[in-house]
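Student: Could you walk me through this structure, and can I interrupt with questions as we go?
Tutor: Of course, ask whatever comes to mind.

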Amino acid sequence: MSQNRVAVVTGSNQGIGFATVKALCSDFEGSVYLTSRNEERGLAAVEELKKIGLQPKYHQLDINDESSVLRLRDYLKDTYGGLDVLVNNAAILLPFKEGMSDDIFAEHACTVMQTNYFDTQRACKILFPILKPHARVVNLSSMLGHLTHIPGEDSVAVNLRAKLASPDLTYEELDSLMHNFVDAAQKGEHTKYGWPATGYYTTYIVSKIGVSALTRIQHRDFERDSREDIVINHVHPGYVSTQMSDYKGVLTPEKGAVAPSWLALLPPNVQEPKGAFVWCDKTIVDWVKGPMPPLD
C-alpha cells in the first residue's frame, strides 16, 4: 500500500515547505516529493535531506506555469495512480516599504495575487481530479489571512467581510472579489471597497484571505465528492524565521511545519478538523469571528 502512496509539497526547497517535506519523510508511509521552480536548488535541497538519512524524491514545479503543473499531474497519475497528500505551500511576499510609490504597490498587488491566489487555485483545479479517496490537502494561509484583517465597521467593510464569510460563496464570486482588489489597487482606490489600507503586508493579507476563503469553498466541494473522505484545511504555520519573514520570526521552520504536517497526516475518516482554519499549535480558530490566539 505504502509503495503507491505519494505526497507533494509545493515550493519546498526552503523554509516551511522544506521542513514539511522533512517531517513527512519521517512520518508518511509513501513517497514524498520536494518541488521547486528552480531544479538546481530543488535537487540541492533533496541532497541536504539525504545527508540526514531521509529519502525525498524530486519533481520540478512552478505553479506560475500551467504546463509545469500539468506535467506533475501526468507524472503522478502515471506513476502512482493519483495523489494522496497535497500541501499548497508555494507563495510570495512583496513587502511595501516606506518610500515606495503607488505604482509599486499596484504592481505588487498584481504579482502577489496572481501567485498566491490565482495560480494556487489553478494548481488545485489541475491536481484535485487525481486526488485519491482519503486524500489530505493543506492550504498554507497565515494569521494575516484571518478575515478580521479586513478592519472597520463601516458598511463597505462589513459587507465585504460578509461576502467573504458567506457559506454560499462561489469560486466566481471569490475570483471577482480578488480581481476587485487588484483593479482598485491600480487606481489607489482599494480602501473604497473595504480592503485594508496600503501597508507593508497589504497585498499578502488580501491574497491569503483569498486562499482561506477558497479553502472553505473547496471543503464544501469535497463534502459532496464521490471519492470518500477527502479532507482539506487551511493553516497558520506560525511566525516563522524564514527568508519570507526576513528571518525575524520567532519559530524555527521545523516548528512551522508541525501543524501543516499534522494536517497532512490526519487519519482516515477523521471528524475534525475539516475545512477549518488551524493555528500553529493545532487548535481550530473561527476564521470569521476569531478570536485569534496570541502571536506566536
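Tutor: What follows is a talk about some helices, a core and a few single residues.

Student: Before that, what sort of model is this?
Tutor: This is a predicted model, in which local features need pLDDT of at least 70 and side-chain atom pairs count only at pLDDT 80 or more, while totals for chains, interfaces and linings use all residues. Residues are numbered from 1 along each chain as its sequence is written, and side-chain values use heavy atoms, with hydrogens and water left out.

Student: OK, let's start with helix H5, residues 155-165. Which of its residues are buried?
Tutor: They are Ala157, Leu160, Arg161, Leu164 and Ala165, where buried means under 20% relative accessible area, exposed means over 50%, and partly exposed is in between, for a 1.4 Å probe and protein chains only. Helices here are DSSP runs of H or I with at least four residues, strands are runs of E with at least two, and both are numbered from the N terminus.

Student: Where do those buried residues sit around the axis of H5?
Tutor: They sit on the same side of H5, because they cover an arc of only 125° around the axis, the arc being that of the directions from the helix axis to the C-beta atoms.

Student: And what covers them?
Tutor: The cover includes helix H6 (171-186) and helix H7 (202-223).

Student: Tell me about H6 then. How many residues does it have?
Tutor: H6 has 16 residues and reaches 23 Å from its first C-alpha to its last, which is close to the 22 Å expected at 1.5 Å a residue; that expected span is 1.5 Å times one less than the number of residues. The buried residues of H6, among them Leu174, Met178 and Phe181, pack against helix H4 (102-127), H5 and H7. After H6 comes glycine 188, whose phi is positive, near 70°.

Student: Which residues have the most contacts inside the largest nonpolar core?
Tutor: That core has 64 residues, and those with the most contacts inside it are Leu34, Met113, Leu164, Leu174, Met178, Phe181 and Trp195. H7 gives the most to this core, with seven residues, and a second, separate core of 24 residues includes Val69, Ile126, Phe128 and Phe222. A nonpolar core is a set of buried Ala, Val, Leu, Ile, Met, Phe, Trp, Tyr and Cys residues joined through side-chain atoms within 4.5 Å.

Student: What does leucine 164 touch further along the sequence?
Tutor: Leaving aside neighbours within four places in sequence, leucine 164 is in contact (heavy atoms within 4.5 Å) with residues including Leu147, Ile150, Leu174, Met178, Trp195 and Trp287.

Student: Changing topic, is asparagine 233 buried or exposed?
Tutor: Asparagine 233 counts as buried because its relative accessibility is 1%, and it lies in strand S6 (residues 231-235). The side chain of asparagine 233 reaches the backbone nitrogen of glycine 275 at 3.1 Å and that of alanine 276 at 2.8 Å.

Student: And what does the side chain of glutamine 186 reach?
Tutor: Glutamine 186, found in helix H6, is partly exposed, with a relative accessible area of 41%. Its side chain reaches the backbone oxygen of alanine 106 at 3.0 Å and the backbone oxygen of valine 182, also at 3.0 Å.

Student: Last one: how many disulfides are there?
Tutor: A search of the whole structure finds zero disulfides, a disulfide being a pair of cysteine sulfur atoms within 2.5 Å.

How values were computed: A polar contact is a pair of N or O atoms within 3.5 Å; within protein, one must be able to donate a hydrogen and the other to accept it, and residues adjacent in sequence count only if both atoms are side-chain atoms.
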